[in-house]
Amino acid sequence: MASRNALLCCLVGVSVVLCPFVSRGDDLAPPTAYEGKPISEIRYDPPSQPVTRADLARLMPFPPGTPLHLVDVRAAIKRLYGTGRYSNIEVETEPASNGVALIIRTTEQWFVGPVEVHGKVHMPPNEGQLANAARLELGTPFNEEDLQTAQKGISDLLQRNGLYLANVDPKVDRDPEHQQVSLTFQVDSGKRARLTLPTITGESKIPEDQIAKAAKYKGWFRWKLATDQETQSGIQNIQKKFDKEDRLTGSATLDHMDYDAATNRVRP
């Protein structure tokens, strides 16, 4: 098998760095091994590309028979990458009887399409708020790690509303024609946790038990449901307690929430 010299195009923003090397452990090939040699053919991997053959010919104007120059490859790859249709481009050379063959390996750039949330969603939050928590904006580039980030954003919003037992199952549908992904998150909210007496830290002239009770997390008959609104309301009630006791420099902030899975209770 003929050895290949890979001209790896590492694309960050619009910069292109060509690093010549030989794969499969062969000796490092200097640029003179291919610089100036005639291009015998140009192959694309995969053969199907997100831009037309006419556009490829325009963007990479060195047809077979023309000499290979790295500066031309660099400029052509920048133009190809500038279409916004690729997330990665690699160029390899392969020895040929009448020069060198160019192999252009590409990875298409996918873009965010519709983002939807369905399933057993116990409000709050509603489906629209959960979809927004994914932080996937229509038309922006989509990468695989974005799916995990989106799933975490949805889970975090559910937990802020006491839904620690929720399950979030993502589904990705790809539209190759438009390089677009549609994302659907199937949510099962599970049973909502209830609040319990908050933990008070910091210095205050008011007894901690009085501050904790001032949050009013317990209703007439049972502890309130752990929604974000109820949690924030408790913080405001504590602030009102400070104001009532003339502790005007006192302030109440939420540091973290402790969840007890055994009782399905959450302690601010």
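**Exercises on a predicted model**

The structure holds 1 aromatic pair, where rings of Phe, Tyr and Trp (its six-membered ring) pair if their centres lie within 6.5 Å. This is a predicted model, in which local features need pLDDT of at least 70 and side-chain atom pairs count only at pLDDT 80 or more, while totals for chains, interfaces and linings use all residues. Residues are numbered from 1 along each chain as its sequence is written, and side-chain values use heavy atoms, with hydrogens and water left out.

**Exercise 1.** Classify the geometry of the pair formed by Tyr164 and Tyr259, and place both residues in the chain.

*Solution.* A pair of aromatic rings is described by the distance of the centres and the angle of the planes. The ring centres of Tyr164 and Tyr259 are 4.2 Å apart and their planes lie at 5 degrees, so the pair is stacked; the cut-offs are under 30 degrees for stacked and over 60 for edge-to-face, with the rest tilted. Tyr164 belongs to the loop between H4 and S8, whereas Tyr259 belongs to strand S11 (residues 258–260), so the pair ties together parts that are 95 residues apart in sequence. Tyr259, at 26% relative accessibility, counts as partly exposed (buried is under 20% relative accessible area, exposed over 50%, partly exposed in between, with a 1.4 Å probe and protein chains only).

**Exercise 2.** Describe the open sheet that contains S6, and say which strands stand at its edges.

*Solution.* Helices (H or I, at least four residues) and strands (E, at least two) are DSSP runs numbered from the N terminus, and two strands pair if DSSP finds at least two bridges between them. The open sheet has 4 strands in the order S7-S6-S9-S8, with mixed pairing. Strand S7 (141–142) and strand S8 (167–175) each have a single partner strand, so one side of each is left without a neighbour in the sheet. S6 and S7 pair in the antiparallel sense over 2 bridges, and Phe111 stands opposite Pro141 in S7.

**Exercise 3.** Identify the residues of the largest nonpolar core that touch the most other members, and the elements that supply it.

*Solution.* A nonpolar core is a set of buried Ala, Val, Leu, Ile, Met, Phe, Trp, Tyr and Cys residues joined through side-chain atoms within 4.5 Å. The largest has 22 residues, of which Val115, Val117, Ile154, Leu183 and Phe185 touch the most other members. At least two residues come from each of strand S6 (110–120), helix H3 (127–133), helix H4 (144–160) and strand S9 (180–188), and H4 gives the most, with 5 residues.
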